[in-house]
Amino acid sequence: MIVDAATADDLPVIAEIERETFADPWSRGAFAGMLGQRGVYFAVARPAPGAAPVGYVVAIHAGGEGEIANLAVTQASRGYGVGTALVEASLAEARRRQCGTLFLEVRESNAPARRLYARHGFEEVGRRRGYYRHPTEDALVLRRVAMEVCGQ
């Protein structure tokens, strides 16, 4: 799996994956606004060089902290390590940016994602009641605090 920076050419596929994955998807314009932004890590996973993306991650970094704001993998590519590659790339980028704490939100019912994040050291630290729509569901707030993330 190759993880590299997202480009404008990737946006149609990213928007398609987003719609396939989430009931309340980000717009293509929201993704376009992330391209090239300081403090934003926006990457895609590809099965081979030049292939269409099969997943993506958007992470935002500021003040020694980071947030994985969005991560999705095509339905056909789930279970093949794409999510793992994206999380590991996000952790490497957080380390590079000297972020000591990473956060994310996940649907309470999303057991596969929760297992993925737990394998990478994320722990539940809070709950946002009714955070998700379509259907309404709580978000679990996960955090990873590790000296290795901030390069110490």
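Let's start with a helix. Helix α4, residues 111-119, lies across four strands: β4 (65-73), β5 (101-107), β6 and β7 (137-145). Against β5, α4 runs at about 165 degrees. Keep in mind that this is a predicted model.

Which residues of α4 are buried? They are Ala113, Leu116 and Tyr117. Look down the axis of α4, and these buried residues fall within an arc of 95 degrees, so they line one face of the helix. The general rule helps here. An α-helix has 3.6 residues a turn, so residues three or four places apart point the same way. And what do the buried residues of α4 pack against? Strands β4, β5 and β7, plus another helix, α3 (82-96).

Stay with Tyr117 for a moment. Tyr117 and Phe122 form an aromatic pair. The geometry is edge-to-face, with 5.8 Å centre to centre and 70 degrees between the planes. Both residues, Tyr117 and Phe122, are buried.

How many aromatic pairs does a search of the whole structure find? Five. Elsewhere, ring pairs join Trp26, Phe31, Phe42 and Tyr56 into a cluster.

Now the sheet. Seven strands make it up, and the sheet is open. Read across, the order is β1-β2-β3-β4-β5-β7-β6, with mixed pairing. Which strands stand at the edges? β1 (2-5) and β6 (123-132) do. Each has a single partner strand, so one side of each is left without a neighbour in the sheet. From one strand to the next, the twist averages 25 degrees.

Take the β1 edge. β1 pairs with β2, residues 40-46, in the antiparallel sense, over four bridges. Here is one spot to find on your screen: Ile2 stands opposite Arg46 in β2.

Next, one residue in β5: Thr101. Is Thr101 buried or exposed? Buried, with a relative accessible area of 14%. The cut-off for buried is under 20%, so a residue at 14% qualifies. What does Thr101 touch, leaving aside residues up to four places away in sequence? Gly64, Glu65 and Gly66, and also Arg143, Arg144 and Val145.

Last, confidence. The chain averages a pLDDT of 93, and 95% of the residues score at least 70. Confidence is highest in β2, at 98, and lowest in β6, at a mean of 94.

That's the tour. Questions, please.

Conventions:
Residues are numbered from 1 along each chain as its sequence is written. This is a predicted model: local features need pLDDT of at least 70, side-chain atom pairs count only at pLDDT 80 or more; totals for chains, interfaces and linings use all residues. Side-chain values use heavy atoms; hydrogens and water are left out. Two strands pair if DSSP finds at least two bridges between them. Helices (H or I, at least four residues) and strands (E, at least two) are DSSP runs, numbered from the N terminus. Axes are lines fitted to C-alpha atoms, for helices over the stretch in contact, and angles run from 0 to 180 degrees between N-to-C directions. Contact means heavy atoms within 4.5 Å. Rings of Phe, Tyr and Trp (its six-membered ring) pair if their centres lie within 6.5 Å; planes under 30 degrees apart count as stacked, over 60 as edge-to-face and the rest as tilted. Buried means under 20% relative accessible area, exposed over 50%, partly exposed in between (1.4 Å probe, protein chains only). pLDDT is the predictor's confidence in each residue, from 0 to 100. The arc is that of the directions from the helix axis to the C-beta atoms.
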